[in-house]
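The exercises below are meant to be worked with the sequence and the model side by side. Each one sets a task and then goes through a solution step by step.

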Amino acid sequence: MFFRFGSALILVVVTSLLGIAVEKQNLTLRREISRQHYRMDVLQEEHARLRLRSQQLAAVERLFDTIEDEESGLVPSQPGTNSFLPASATPSHDESSNEESALGDTQVDEAGQGREPAVKSGVRKPDSSDLTTRRVPLLFWQKPVGDPRMKRGSK
Amino acid sequence: MTSSPTATTRRGRVRFISTVMIGLWAVVIGRLFIVQWKQADELASYASRQQLTEVTVSARPTDIVDRSGRLLATTIVSQSLFVDPQRLDVDDEFIADLAEALSIDADRLKKRIVDHANKRFLWVKRRVNDDEAAAVQLLDWPDSAYGFRDEFLRKYPQGHVASHVLGYRDIDGAGQGGVEQSLNHLIEGIPGKRKLVRDALGRIVEVSFDPDSEPKRFDAVQLTLDLTIQMFAEKALDRIMEEWKPTGACAIVMEPGSGDVLAMVSRPTYSLSDMSHVPSNAWRNQAISIIYEPGSTLKPFIVAEALQAGLIKRDEMFDCENGEYKMGPRVLHDHHRYGKLSVTDVLVKSSNIGMAKIGERLKNRGLYSATLKFGFGRPTGIDLPGELSGILRPLKQWNGYSTGSIPMGHELAVTPLQLITAQAALANGGRLITPRILKGVQGERSDSARAFQISLEDPSLAEPATIVRPTVSAEVARWVIEEPMTQVVSRGTGRRAKIPGYTVFGKTGTAQKMDPETGGYSKTLHSSSFICGAPARNPRVIVLVVVDEPQSGSTHYGGTIAAPAAAKILSRSLMYLRVRPDQETRTAAR
């Protein structure tokens, strides 16, 4: 009888302990979910701030002046540099009509750049000291030092 | 001598103990039944009241992006500082430190705290920046006397670009002006609810998330604007403001086939990153909120209507009376003395007398029908607040003067958007399309977004409406664009809008404004405009520039003031959109 009673008691205690363990596990998981939602909120905020910063840094207005500046070399400074047009398709400055000259028009080229008379008279030669106009290869490949394959190749 | 209990006694004891045990278990089971079954709901709600708190969570206002996905407006979380005045000692030194940390006036701050001394909550400064928040936390605060509350802060990374189109959100997060106001139903989202579970000491131990009660929002509201083209227009108008010193100016770039507004600029303007110093005349979006007499820019529509009605022929000649024509009691004049002009030349030379004679053919009813057909006199229906309908008087108020005035763009007033929308109708083959600023919304892919859409009162609100109405036949529209309007640029008043490689069409407009003193037309106040587009055979982009009251310089003609800027915007836009030049073969063959 004592065995049966003891067994029943142990069963009740074990069941209770199991219940408590399950409940604790449940609470832990729910807390973890709460924490993950919180982390998600924080990450969303971080994402919003970083996106804002990146867009501020890459704002069109910031870049526009640089792009617009002919000195940067990013704007074609000669007629005929429109990729759609052959060089012969763009009228030379000498071809501009007398009527326009009489009106004192500012010539507008295909890139939409207003052209001053001083610029009209000649083609702007790139300055070798001007890094922005220098042609720079997009990819560099440097010979690895001590690479046996290169030694073989050099023979 | 003790005797061992008999079997009967033992059985009796066992029965007694069993009965007691069963009785105890019965009490426990009975109590469990009452707690878990009978009083379950009552006790559960009682526990909930003690443990659970429901808080409303605002939806983060949706981002606004341009047609390429570049960010125009976004939202970050910012902290707002509040104090509990009852727990705050109004110490002069502390108040001075707090005011310095927040860059606000110490005397005003002290007065506010003193005035609200009996309150338990007072905003000190809303949406403080990170440096200010850090400085506040370094102060020697009394216990529990202050706190920060998270609030959304709207940010516009592009500065003053497209400020009139975007509008802004005020301190309470409500949209004011621009799409922030007109598309607020798409931007603000739907607030959600979250349940907080507290322990016996009131500490939050769990935040319970229910996907159905989370805040709902779209990922982004996409506009038809293109930021690069917008910048072309912004820069062009800046130069006009610098060179001609007008009281205002505006530019609109539109895709005629779809009615998409690619750029909309208004001057004077303001920066969305600093709203504290905005000139009073900068709030108005001149593209939709000013009205002006369109002048000669209206002439192509009248010619198109007369051709459509069969009242004139394309090769017909009109006698322009050597520059002076008596029309009833009124004498009309041209800038130059013209003899006989073809319909094309009437537009190319912008002859008022030629147009008046076309007006006589149409009569007032026909002229009224033409203006109505091209959408004048009523708002275009774009998703922007504050759009004016222009002025188009009822037909019964028209008289003999109207027959001469309307064809030359007087006696009615239009908004720049109305004019470019009507021009788009000619450019796209005769279909008048509602201009669009909303391209669509992003975010339907997720379940929550679907639920959001369903929960919207009217899901169709998310869809930009496009209303198409016929105006004139495609043949007439094409002829007006490809012949007279193209020749306006090649040999007429719009020569400054020539773009090498492209066949540009356009029309200049110079209208006298009303003199506020005399009530008649002023000789010094003008509204100069130019509308153009290219390529003429298949127009991809049309541009309108309107300059209001240019002050400096001796000229006021649209062909001189507005045409170069419009051409610059157009040429850059065509190049940016990679529109192939249509004069390549012809020019190369020369």
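A residue is called buried when its relative accessible area is under 20%, exposed when that area is over 50%, and partly exposed in between. The structure to which this scale is applied here is a predicted model.

**Exercise 1. Classify W123(B) by its accessibility, and describe the ring pair to which it belongs.**

Step 1. The relative accessible area of W123(B) is 22%, so this residue counts as partly exposed.
Step 2. F121(B), at 35% relative accessibility, is also partly exposed.
Step 3. The rings of F121(B) and W123(B) have their centres 5.1 Å apart and their planes at 80°, which is an edge-to-face pair.

**Exercise 2. Decide how the rings of W141(B) and Y146(B) are arranged, and place them in their cluster.**

Step 1. In general, the distance of the centres and the angle of the planes describe a pair of aromatic rings.
Step 2. For W141(B) and Y146(B) the centres lie 4.1 Å apart and the planes meet at 15°, so the pair is stacked.
Step 3. W141(B) counts as buried at 11% relative accessibility, whereas Y146(B), at 27%, counts as partly exposed.
Step 4. Ring pairs join W141(B) and Y146(B) with F94(B) and F148(B) in a cluster, and over all chains the count of aromatic pairs comes to 13.

**Exercise 3. Find which charged side chains sit over the rings of F82(B) and Y325(B).**

Step 1. Over the face of F82(B) lies R149(B), at 5.6 Å from the ring centre.
Step 2. Over the ring of Y325(B) sits the charged end of K357(B), 4.8 Å from the centre of that ring.

**Exercise 4. Explain what the end-to-end span of helix α13 of chain B shows when it is set beside that of a straight helix.**

Step 1. Helix α13(B) covers residues 352-373, and a straight helix of 22 residues would span 32 Å at 1.5 Å a residue.
Step 2. Between its end C-alpha atoms, however, α13(B) spans only 22 Å.
Step 3. Looking along the helix, one finds a bend of about 100° at K363(B).
Step 4. At the start of α13(B), a side-chain oxygen of S351(B) comes to within 3.4 Å of the backbone nitrogen of I353(B), and after the helix comes G375(B), with a positive phi near 90°.

**Exercise 5. Locate backbone geometry in chain B that departs from the usual, starting from R127(B), R578(B), P268(B) and P535(B).**

Step 1. As a rule, most residues other than glycine have a negative phi, and most peptide bonds are trans.
Step 2. R127(B), which is not a glycine, has a positive phi of about 55°; this residue belongs to strand β4, residues 122-128, and at 17% relative accessibility it is buried.
Step 3. R578(B) likewise has a positive phi of about 55° without being a glycine, but its place is in the loop between α19 and α20, and with a relative accessible area of 61% it is exposed.
Step 4. The peptide bond from R267(B) to P268(B) is cis, with omega near 0°, and P268(B) is in the loop between β12 and α10.
Step 5. A cis peptide bond also joins A534(B) to P535(B), with omega about -15°, and P535(B) lies in the loop between β21 and β22.

**Exercise 6. How many disulfides does the structure hold, and where is the cysteine sulfur nearest to that of C250(B)?**

Step 1. Over all chains there are 0 disulfides.
Step 2. The cysteine sulfur nearest to C250(B) is that of C532(B), 14 Å away, whereas a disulfide needs the two sulfur atoms within 2.5 Å.
Step 3. C250(B) is buried at 1% relative accessible area, and C320(B) is buried at 0%.

Methods
Residues numbered from 1 in each chain as written. Chains lettered and ligands numbered in written order. Predicted model: local features only at pLDDT ≥ 70, side-chain atom pairs only at ≥ 80, totals over all residues. Heavy atoms only, no water. Buried < 20%, exposed > 50% of the residue type's maximum accessible area, 1.4 Å probe, protein only. Helix = DSSP H or I, 4+ residues; strand = E, 2+ residues; numbered from the N terminus. Expected span 1.5 Å × (residues − 1). Bend = angle between axes of the 7 residues up to and from the residue. Polar contact = N/O pair within 3.5 Å; in protein donor to acceptor, adjacent residues only side chain to side chain. Phe/Tyr/Trp six-rings, centres within 6.5 Å; stacked < 30°, edge-to-face > 60°. Lys NZ or Arg CZ within 6 Å of the ring centre and 35° of its normal.
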